[in-house]
Amino acid sequence: MKKIDSSMVKIGIGIIFTFVSCTKNAGKNVTQQEQQNVATPEMMSENGANPDETIMTTLSAGNTGLTEVNSEDGSGNHQGGKGSHHGHFLYAESNAAANNQVMVYEIGAGGLLHLNGTTSSGGAGTGVGLGSQGALTLDEDHELLFAVNAGSNSVSSFKVRSDGSLELAHTENSGGTTPVSLSVHEGLLYVLNFGSDNIHGFRIGEEGALTHIVGSTQALSGTGVVAPQISFTPNGDWLIVTEKATNNISSFKVKDNGSIWPAVVTPSTGQTPFGFDFGRGDFMIVSNAAGGAAGAGSATSYRIGGNGVPHAINGAVPNNQAAPCWVAVTKYGRFAFLTNTASNSISSYYVSPGGYLFLVHQVAATTDNAPIDIVVAKNNYFVYALNSKSGTIGEYHRTFLGGLESMGTVSGLPVPVTGLTTY
């Protein structure tokens, strides 16, 4: 009972970080003047060669369907075989204490969402916000979906049917307490256990069976670190965990057998590191919630060294918002969108070829109350943000050079809702 109580206290701390709010560069030296430079349209368009802008141009010309830009051969026709589906879908998690469920939304041709049903997760949520990024995730072929059950200390796998619906495959204990975030890479699944301040790994079977990996449990940098996210690096060599309470970033080297070495701990550049995603050149873009202080938010771009140490490129770049927490990067990694939980807004940044980060729009879009998770659709045009206190999902489409335009909202989601993932 003590462990459960301790976890709930720590969740409370995480919620305070989220809702009351929410190293030196190892490469080229960056002058203060360079940090203050503003990205010009010419720079961001990359002389017309920015692929994130090229795709967006095609879609904004009238072709907004996901199918046309997502087929493997570029012909507009779905390819059969592994990973083939009849449409595109978005998933969110209720996190309800009595019966955690995953909600399935079909993405229409114009980007609007339509609820297609719910599936029980096989576990319990907490009934309160998790303050984490990555509570839901899909495998690379979007044939399996994974969800945390933070209230019952377990994780679940689901088979994804061709119509986007889910079939519960397996539920397994998380190797700790209060799991809040997941990451998948080539048959491995790792979970971040918020309550026990550790991470733990599984091998994924073909039917979604989860097998514990011996030697995969490792501690974070301390106790009560209030960790919000775990993610593999794009090459799968490292697992990265941000820690809000300690202002640390922990890196875990992945061994050939799927187990991991103990953490390499690095102080973050920017206060209260929260969510992150990987942009062009595998640069890691991290939001800095700054304890939720008004106007104090920022984001930092890091290069992950061969030793797992993240090296900041041009420092913590302010967005002058409160509690920037969740991060989603466009398909080709040129732009990053951050939800500002305490400012009810979304900011956008440009990621330069060298990983330099430039604020483009302090407020690219306004949101409903307390935006948290954010995703970019597979067509690289639609963007969806989950508003936890309003129980809504905001629907947007990208505009040129880091802009967003609202298309509407979907309402009626339960208030403890958490997690977004899409294909």
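Reader: Is Asn-380 buried or exposed?
Author: Happy to start there, keeping in mind that this is a predicted model. Asn-380 sits in the loop between β25 (371-376) and β26 (382-387). Buried means under 20% relative accessible area. The relative accessible area of Asn-380 is 0%, so this residue is buried.

Reader: Which loop holds Asn-247, and how accessible is the residue?
Author: Asn-247 is found between β14 (238-243) and β15 (248-253). Its phi is positive, about 55°, although Asn-247 is not a glycine. Partly exposed covers the range between 20% and 50%, so Asn-247 counts as partly exposed, at a relative accessibility of 25%.

Reader: What is phi of Asn-380 near?
Author: Asn-380 is a residue other than glycine, and its phi is positive. The value is near 70°.

Reader: Which residue's side chain makes a polar contact with the side chain of His-397?
Author: Let's first find His-397: it lies in strand β27 (residues 392-399). His-397 is buried, with a relative accessible area of 14%. Beyond its neighbours within four places in sequence, its contacts include Phe-382, Gly-403 and Met-407. The polar contact, at 3.2 Å, is with Tyr-381.

Reader: Which residues touch the most other members of the largest nonpolar core?
Author: In general, nonpolar side chains tend to be buried together in soluble globular proteins. The largest nonpolar core here has 37 residues. Its largest share, five residues, comes from β26. The members that touch the most others are Leu-90, Tyr-384, Ile-393 and Leu-413.

Reader: How many residues are in the other core?
Author: This core lies apart from the largest one. Among its members are Val-180, Leu-192, Val-241 and Val-254. Its size is 32 residues.

Reader: Which strands stand at the edges of the open sheet of four strands?
Author: The strand order is β17-β18-β19-β20, with antiparallel pairing. The twist averages 25° from one strand to the next. Each edge strand has a single partner, so one side of each is left without a neighbour in the sheet. The edge strands are β17 (273-278) and β20 (310-318).

Reader: Which residue in β19 stands opposite Ile-285?
Author: Strands of a sheet pair through backbone hydrogen bonds, either parallel or antiparallel. Strand β18 (residues 284-288) and strand β19 (residues 298-304) pair in the antiparallel sense, over five bridges. Opposite Ile-285 stands Ser-301.

Technical notes:
Residues are numbered from 1 along each chain as its sequence is written. This is a predicted model: local features need pLDDT of at least 70, side-chain atom pairs count only at pLDDT 80 or more; totals for chains, interfaces and linings use all residues. Side-chain values use heavy atoms; hydrogens and water are left out. Helices (H or I, at least four residues) and strands (E, at least two) are DSSP runs, numbered from the N terminus. Buried means under 20% relative accessible area, exposed over 50%, partly exposed in between (1.4 Å probe, protein chains only). A polar contact is a pair of N or O atoms within 3.5 Å; within protein, one must be able to donate a hydrogen and the other to accept it, and residues adjacent in sequence count only if both atoms are side-chain atoms. Contact means heavy atoms within 4.5 Å. A nonpolar core is a set of buried Ala, Val, Leu, Ile, Met, Phe, Trp, Tyr and Cys residues joined through side-chain atoms within 4.5 Å. Two strands pair if DSSP finds at least two bridges between them. Axes are lines fitted to C-alpha atoms, for helices over the stretch in contact, and angles run from 0 to 180 degrees between N-to-C directions.
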